[in-house]
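Biologist: I am new to this structure. Please take me through one part of it closely, the nonpolar core, and then whatever sits around it.

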Amino acid sequence: MSSSSSILLQILRLQSENLINKLSFDQLSCYIHLASRLKRDILLAASVDICLPDTPPPALSQSVTTFLSAAVGITEAEVDELWHVFKEEVWKQSPIPTISDEETHLFQTYGWELGLTAFTLYPPHDHCTNRECTLHLQLVKKEEARRVVIFTMKDGIRLAWSIHLYCRKCHTNYHNNYSVKDGVRTYYDELIPEFVQVSEHHFVDKEVINLWTNQMACAWVSATNAAQLYMRTFKREDHGHEKQLEEHISQQQGVQKSPWPVEPVLTAVHVWDAFVIAALLKHHNWQNTQLEVPHTGDQHYRFENAMAAVNQQVIWEGLPDVVQHVCKKCTRLYRDEEGESTGWYEVIVGDGLSIGRPCCAHPGPPPCQEPLHNNHQRFCTIHQGAEQLCAVQGCSEPVKQGSKVCPLSLHQEIEQKHREHAGNSIPLFLHRYCLAQETYGASGSSNLDSSDDQGQGIGVDDHDIWYEENGEGGLGLYIKKAGSVGVTEEEPRSSLGKKKKIHAQFGQKRTHNEQVLVRPCGMIYARATMFGAEAVSNFLVMIKKAFSVPGARKPDFVIYDTNCDAQQQADNDPWFNTVAMPVDVWHFKNKHKATHEYCQWYCNPASFPQLLDKDGRKWYFNTSVCEQTNAWLGRYYAIVREMTPVKYDFFLNEMCRLRNVDTLAKLVDAGDDPCLRLPSL
């Protein structure tokens, strides 16, 4: 039976009581709609002994009665009489997800001062869900109501109440997103709640979180910009419901200040926490587990261990849905000249990208991988004593008071040079301008091929700067061009001759690069942070670890820009006996000498017919896929450069996962037959 038909039957019952002559159909409909939105409030005020969650209570609380009387325009006695007739109908109603402007106005005008709102957040259950509790499945009662702010997609910024339910027997506190017991916050089994709690008094609509995640994945939008975009969109006069509400209540109570203690302002911290919580909930949902985090302590560190556990799982198991991935663009069934099948061939492409996050400045070897206590320090806790040693690498003398180097005159001069460079950029910029005119001409146009710098890191760190004595009592300062192989920008190298480089770590050190492994189809297979230089030995270790996770298949071809060096080291490792290692096409053409015998003999991509099409005139696989991926990944530099290690890895892993999701969808649409296992021959 429809809702309208049921209401008409109830009207017939009311005719004998003469109430129908006083009420319009719109009033009755409004009464039922408003009451259905308050079912949790009505149930909460009822006695535990006489009410069950699926049964309407026999009477309404005074606050609900007062609100319905004012909102519908009837007496309180008529409210109670209508409840006696319509309570079953109200209890069957499912509130409409969207709230009309009229309903919003009614709640603002008559409900808020009574603690009633259409945006009241409750736990998903009315009863205790602890199976070990003697009150299991019994109705639990309110412990606390808190005023909160909700950032929504459809209704903008909303002021609301959040209700916590408390079991008096097992002492479990039930919140909207999670339950709390013994200092542990356990999130519910649902994938992502409709509103995600990002602070004590702030919630975010899951649709808004999905928007932010997509902005980060597709448009490199930072959390700060995402927050500002939202506030600029919804913090307008025509969406100023909270301002109208505050003015109304202030007038009713005769006070000037707003009674709402929570500032309706979205911050970058809220955006980050929303992103992290949503990603963690998705991960645990896929694993059929529940997210558990400490309920006490600083919110900044609350999800640290949970993110670290996900990062570790990626190391052990690889990124989701990519370890066993195969498709027409990254896997090939090769047939020889006679048309005989020689088997399936899988290709992986590797390359490095300079992004960098803060890390311990201890030079090693090997480079220290211990996390910093905070990003304002130069050294980790283990190497904190190095703060009292000279910043010039190779010197272990104590520092001079008020300085970062020892009293040695040369080292003092280096520090002075560093201060001049860091404090006064005008001479440096003028010198660069002169060099630019010499290199590019007065018009600013250049005939140089800049493709080698695409996707490379931005900025200059201490490990890109060195000093040299010129033999005439002077000291030269040099800066390596980002993405280059050591070409200086400050002065012509030939003017000083070949001198010993002197490095000094005055400022914050950063990790050297991000190494990525990508299938030719664009699926990102793995990512790893290199703390020291991009040594081929580290790349080989990464390859072995990445293809040793459960279910992984060793690739037939590993394509890398310096494979001529990597292959010579891999010759001593039996693991690589079945792996061919050609150089990628672009680097082989532009960066490798034709006179390099080993490179030409063993690493020439044209010497492997499996990499060519059937006519031998085009390349079958896209060996430049890493350069294209790095152009995308490098644009996260400004977002991640100050992140802590755990958050840094968690965020980049999630971005890679989301990119793989998009890539997989494109492969399906293009008919490239992506699957998780090799077809039989």
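Modeller: Here is a walk through the core, one helix and a few backbone details. This is a predicted model, in which local features need pLDDT of at least 70, side-chain atom pairs count only at pLDDT 80 or more, and totals for chains, interfaces and linings use all residues. Residues are numbered from 1 along each chain as its sequence is written, and side-chain values use heavy atoms, with hydrogens and water left out.

Start with the term. A nonpolar core is a set of buried Ala, Val, Leu, Ile, Met, Phe, Trp, Tyr and Cys residues joined through side-chain atoms within 4.5 Å. Buried means under 20% relative accessible area, exposed means over 50%, and partly exposed lies in between (1.4 Å probe, protein chains only). In soluble globular proteins, nonpolar side chains tend to be buried together.

The largest core here has 132 residues. Tyr31, Leu517, Tyr525 and Phe651 have the most contacts inside it. Helix α10, residues 268–286, gives the most to this core, with 10 residues. Helices (H or I, at least four residues) and strands (E, at least two) are DSSP runs, numbered from the N terminus. A second, separate core has 15 residues, including Ile414 and Phe506.

Now α10 itself. Of its 19 residues, 14 are buried, so the rest of the structure largely encloses it. Its end C-alpha atoms are 27 Å apart, and this agrees with the expected 27 Å at 1.5 Å a residue. That expected span is 1.5 Å times one less than the number of residues. Asparagine 288 follows α10, and its phi is positive, near 55 degrees.

Next, Tyr525. Contact means heavy atoms within 4.5 Å. Leaving aside neighbours within four places in sequence, tyrosine 525 touches Leu319, Val322, Val323, Ile348 and Leu517, among others. Its contacts also include Arg519, Phe547 and Ala552.

Two aspartates need a look at the backbone. Most residues other than glycine have a negative phi. Aspartate 321 has a positive phi, near 60 degrees. Aspartate 321 sits in the loop between α12 (304–317) and β10 (331–335), and is exposed at 57% relative accessible area. Aspartate 673 also has a positive phi, about 55 degrees. Aspartate 673 lies in the segment after α21 (645–669), and is partly exposed at 45%.

Last, the cysteines. Cysteine 564 is buried at 5% relative accessible area, and cysteine 626 is buried at 2%. The structure holds zero disulfides (pairs of cysteine sulfur atoms within 2.5 Å).
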